[in-house]
Amino acid sequence: DGDAVINCINTFCNQYFRNKFIISCRISAQKHKFLNFKEIEISEFNLKQIQIFAKNWFIAVDNTSEENAIVKANQFIEQLNTPENQQLKAIAVTPILLTLTCLAFQQKSQFPSNRTSLYKRGIDALLIKWDESRDIRRNEVYRNLSVEHKRELLTQIAANTFENSRYFFAKDEIQEEIAGYIRTLVDAPTDSATLRQNSIAILESIPVQHGLLVERAQEIYSFSHLTFQEYFTAQKIKSFIDSHNPQVKKLLANITDKRWSEVFALSVDMLWKADQLLFLKQIIDEILESAEELQKFLFWVKEKSNLVQVPYKAITVRAFYSALAFDLTFNSRLTNIPDLTYVCTLDNDFARDFSLAPNPADAFNLAHVSDFALDLNLIHKIKIANAGAPIDCSSLSRNCDFDPKLKQVIIQLGSQLPQLHNEDEDYDFTDEAETDEAEIGNYERWWEVRGQAWIEELRDAIIKHREIGHYWYLSTCENQELFRQYYYANKFLINCLNSAFKAKTVSSKERSHIEDTLLLPIVEIEKHRRRD
């Protein structure tokens, strides 16, 4: 309905043109320009504003004395500025999240370890204390719900509405959600009249007592901030995994949707144990269980990983080549360097070597990891060739010294290309050496006639000698989406595993056990299970 809304706003402003109007929205929702309006962006809080807000907040909610409140506010600012709390300081620039930060600190005079814990502690404070501090009289029905029940109810509302892309919902719709939840409780009323009455009473209580839900317009509700809806949706994912509920597969299908990125990021920081991660892995493996084309991809990952000599864990190597193949399949832009950041989280040695130079190929050259340096260079050359961009002949055979047969083929292929004047310039991973317009014109004419056949020869040579460079063209859009889901779901699992290991809820042995079967075809996973 976006266009209709814009038209209504424009008509209204034109009709009452002598009035002044303010239109506000989240930056991510800003898709339209309005005539005769001046556009401004509300800036984030700076440190001084955070300090002022915190002081005023603690004075407003402290029931003892202003002196005690100022002491608490000073402690808050002091701890917020410590190096270990920089992640929390980064989100405190937004008023609603700064409020949660104050709430969380007020409880224990210290900050939780991560953002998700901060949200949980802050929301629990809202559910338990906020109405009491303002002398609000609770509704009898709502009072009988425990904090856990309130949290479960809000989780259900958030997840169901967020999954359906609903940020605003009608009163009747949310009452149905509440009634549906009440039916699941022990000794809940079964007659529709009582259910309706109770759901209305609960709905009227939540906005007044906690501020988590608000009535935006007459009988139109939403969460007071998108962060709350995202947090409770993340809780839904986690609760499904905790209870080994296979319905989590339906929620995991959203992992490629950018709208869900914050939801899954919040899930990563939740408390994970080995049995939960093993169940999550089982669900992820099922994504590709019946997809024969994608099982072939995983067999290739395994075989290619076994062919190289590198000083890293087996899962690190599989993750590296999965990332290269995924990049070649879905990211065609020349400037795109394969995303290897999640591979770094798997292996400290890999992360150390990866950081030796801005250019990944150079970094692995410096670390004497020749297989990785060569394969990165060759994949980049395929991307350049596919785009028809000029290729520097001298850089084509770079890193091939330890593979003489491949080097000979590459040199022969390079000799077929029109010569560029700056062949001796250093290799740049993100941008080929600059050439003048005349030379590029000659190159483009040659490319029109010979280019496609030359690309196929190059790719065939790379596949023959390095077993890399396959185009994982999948026969259906469904398989392409499954590939994306599987890839991102494994990144999610790895991030959860790292989070658990850091929190010491998963041991080194349990971590290795999970890593041993990551990014493997189902047949290989079954072999591991039989050995276990």
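The exercises below work through a predicted model of one protein, beginning with its overall make-up and going on to two pairs of helices.

**Exercise 1. Describe the protein as a whole, by its helices and strands, its buried residues and its contacts.**

Solution. Begin with the secondary structure, where the protein has 26 helices and three strands. Next, consider burial: of the 532 residues in the protein, buried residues make up 48%. Finally, turn to the contacts with a separation of 6 or more, of which 68% are accounted for by residues 24 or more positions apart.

**Exercise 2. Compare the span expected for helix H8 with the distance between its end C-alpha atoms, and list the buried residues of H8.**

Solution. Helix H8 covers residues 147-163, and the expected span is 1.5 Å times one less than the number of residues. For the 17 residues of H8 this should give 24 Å, and because the end C-alpha atoms are 24 Å apart, the two values agree. As for burial, the buried residues of H8 are Lys-150, Arg-151, Leu-153, Leu-154, Thr-155, Gln-156, Ile-157, Ala-158, Ala-159, Thr-161 and Phe-162. Just after H8, Ser-165 takes a positive phi of about 60°.

**Exercise 3. Work out how H8 is oriented against helix H9, and which residues make the contact.**

Solution. The axes of H8 and of H9, which covers residues 171-183, come within 10 Å and cross at roughly 135°. Angles over 145 degrees count as roughly antiparallel and those from 65 to 115 as roughly perpendicular, so H8 is oblique to H9. The crossing in which H8 passes H9 is right-handed. On the H8 side the contact is made by His-149, Glu-152, Leu-153, Gln-156, Ile-157, Asn-160 and Thr-161, while H9 brings Glu-173, Ile-174, Glu-177, Ile-178, Gly-180 and Tyr-181. Sorted by character, the residues of this contact are five nonpolar, five polar and three charged. To read the spacing along a helix, recall that an α-helix has 3.6 residues a turn, so residues three or four places apart point the same way.

**Exercise 4. Carry out the analysis for helices H15 and H24, giving their angle, their crossing and the character of their contact residues.**

Solution. Helix H15 (residues 292-307) packs against helix H24 (residues 477-502) at an angle of about 45°, and their axes are 10 Å apart. That angle makes H15 oblique to H24, and H15 passes H24 in a right-handed crossing. In the contact, Glu-293, Leu-294, Phe-297 and Leu-298 of H15 meet Asn-479, Leu-482, Phe-483 and Tyr-486 of H24. These contact residues divide into six nonpolar, one polar and one charged.

Terms used:
Residues numbered from 1 in each chain as written. Predicted model: local features only at pLDDT ≥ 70, side-chain atom pairs only at ≥ 80, totals over all residues. Heavy atoms only, no water. Axes fitted to C-alpha atoms, helices over the stretch in contact; angles between N-to-C directions. Helix = DSSP H or I, 4+ residues; strand = E, 2+ residues; numbered from the N terminus. Parallel < 35°, antiparallel > 145°, perpendicular 65-115°, else oblique. Left-handed = near helix turned anticlockwise from the far one by under 90°. Contact = heavy atoms within 4.5 Å. Nonpolar A, V, L, I, M, F, W, Y, C, P; charged D, E, K, R; others polar. Buried < 20%, exposed > 50% of the residue type's maximum accessible area, 1.4 Å probe, protein only.
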